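Subject: Structure for your files

Hello,

Here is the structure I said I would pass on. My notes on what turned up follow below it.

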Amino acid sequence: MVGELAMFLMALAIGFLPLWMSPPSPRHVIATAASAFWAALLVPARKRWPAGALLATVPVIAGTDIGASAVLPVIAYSTARRISPVRRRWSIVLATVGAGLTLSVVAETTASYGLGETLADYALSAVLLLLLPAWAGSLMGRRRPLVRLLRERNEYLERAQVLTGEKARMKERARIAAEMHDMLGHRLTLISLHAGALEITVAQEAPQVSGQAELLRTTAGTAIAELREILQVLRDPMEGPSETAGERSGTRTDIADLVTESRRAGIDVDLAWSGGDLDDADPRTRHAVHRVVREGLTNVHKHARTARTRVEVTNDAGRVRVRVINGPVPGTPQRLPGTRQGLVGLDERIALLHGAFTAGPTPEGGFLVTADLPLRPPVPMPPDPAVQRDVPERPRPLDDEVLTLPRALGAGCLGLLVLVPVAAGTAMVIIMRALQ
């Protein structure tokens, strides 16, 4: 709105310039003011009524007001960009030129110069002030729909590429899940069946080791359940573990069960829980607590079965602190736990929740795993899976209105192509009309 008002005032000021070039007379002042106001009113009207504004330039192009004629290139350029289709655009342009020519010939009967001079003057004015700017505007008007079409096609191709990649990933995950189910699932099921048969036999012949047989069977059953959760995530990565598996994960009961399982497997381990339970904690925090305790006890099972172990969980001041520490193995120094891939994964998981994780040997020769987590991490939950599927992420295409260096150079060349002849022609028209 402010820009249109500024252009209106500028066009009005340009329209009054001839009053400074010659001694004003009452008739001249009235004619110049009327022509200036008319040309200035066409400037804001060129966007809302482009065809009507272009036809309304007939009195200006056929008149003798040099200042008002200087506004004609702006109106012709702007209206030609907005009139479509091409046939209608050039029909209106030619109708405007024809109407202006007719009006100029009619006005020639009262002029002091001949018909030839009038036609030459009008032809030069029409070409430089109307036809050439309209041609430039027509080129720019054709560019905008093409750019819009290219943007739509670009968005379609990018979306198709994202969907194709997502489909390929889902297919590969499904293949991996099928292979894991056929290979690991079958083996674990056999282990569970044989462990159940072993438990029944041991309960009758060797009751003293029946607990280990039962632990073997229950551990195999737990491994099968966890394998199914992993397969579910592989088949549909937007879905996490089942709710029933995550409801009690990381709670005091869950950690106590982990400690009990390790104790039944022959590990000397104790649990020290300080503070309230983690029922109201963020599910991601509870799951991380479960992972830390399980990874720490797994390392003890692998490398320090005879060492005394202690699990400590402290819930205080909005944070959860977890420690899994074991003493030295009698007789042999403790070595670092395997390839440390599990510890690296825990470090990344806890860092995403804005927590701290450390793992390393103690001065006494044991091993310590610690984690410090917020009860409610300042990290947003993952987005809605349905929304994520409907609108896959993709890079935003370049807007056709962004001014880049190639576009600036192209627009400058086109502007010079139009401006130089228009400026030269306008100067010639001004000189010819001044001499008359």
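Leaving aside its neighbours within four places in sequence, Val311 is in contact with Ile255, Val259, Val269, Asp270, Leu271, Ala272, Val293, Leu297, Arg323 and Val324. Please keep in mind that this is a predicted model.

Val311 is a good place to start: together with Ile255, Val311 has the most contacts inside the largest nonpolar core, which has 29 residues. Two or more residues of this core come from each of helix 12 (252-264), strand 1 (268-274), helix 13 (283-303), strand 2 (308-316), strand 3 (319-326), helix 14 (341-352) and strand 5 (367-374). Helix 13 gives the largest share, 6 residues. There is also a second, separate core, made of 18 residues, and Ile61, Ala76, Val93 and Tyr122 are among them.

Next, the cavities. The count comes to 2 of 30 Å³ or more, and my notes cover the second largest, with a volume of about 30 Å³. Its lining consists of Gly296, Asn299, Val300, Val324, Asn326, Phe367, Leu368 and Val369. Helix 13, strand 3 and strand 5 each give two or more residues to that lining. Sorted by class, 5 of the lining residues are nonpolar and 3 are polar, with no charged residues. Val324 appears in this lining and is also one of the contacts of Val311.

Last, some backbone geometry to look at. Most residues other than glycine have a negative phi, and most peptide bonds are trans. Three places in the model depart from this pattern.

- The peptide bond from Ser84 to Pro85 is cis, with omega near 0°. Pro85 sits in the loop between helix 7 (72-82) and helix 8 (86-108).
- Ala317 has a positive phi, near 55°. This residue lies in the loop that runs between strand 2 and strand 3. Is Ala317 buried or exposed? With a relative accessible area of 71%, Ala317 is exposed.
- His354 also has a positive phi, near 65°. The loop between helix 14 and strand 4 (356-361) holds His354. The relative accessibility of His354 is 49%, so this residue counts as partly exposed, the cut-off for exposed being over 50%.

Regards

Methods: Residues are numbered from 1 along each chain as its sequence is written. This is a predicted model: local features need pLDDT of at least 70, side-chain atom pairs count only at pLDDT 80 or more; totals for chains, interfaces and linings use all residues. Side-chain values use heavy atoms; hydrogens and water are left out. A nonpolar core is a set of buried Ala, Val, Leu, Ile, Met, Phe, Trp, Tyr and Cys residues joined through side-chain atoms within 4.5 Å. Buried means under 20% relative accessible area, exposed over 50%, partly exposed in between (1.4 Å probe, protein chains only). Helices (H or I, at least four residues) and strands (E, at least two) are DSSP runs, numbered from the N terminus. Contact means heavy atoms within 4.5 Å. On a 1 Å grid over the protein atoms alone, a cavity is a set of points where a 1.4 Å probe fits but cannot get out, and a pocket is an open set with protein on both sides within 12 Å along at least five of seven lines; lining residues have an atom within 4 Å of a point. Grid points are joined across faces, edges and corners, and a volume is the space filled by probe spheres set on the points. Ala, Val, Leu, Ile, Met, Phe, Trp, Tyr, Cys and Pro count as nonpolar, Asp, Glu, Lys and Arg as charged, and the others, Gly among them, as polar.
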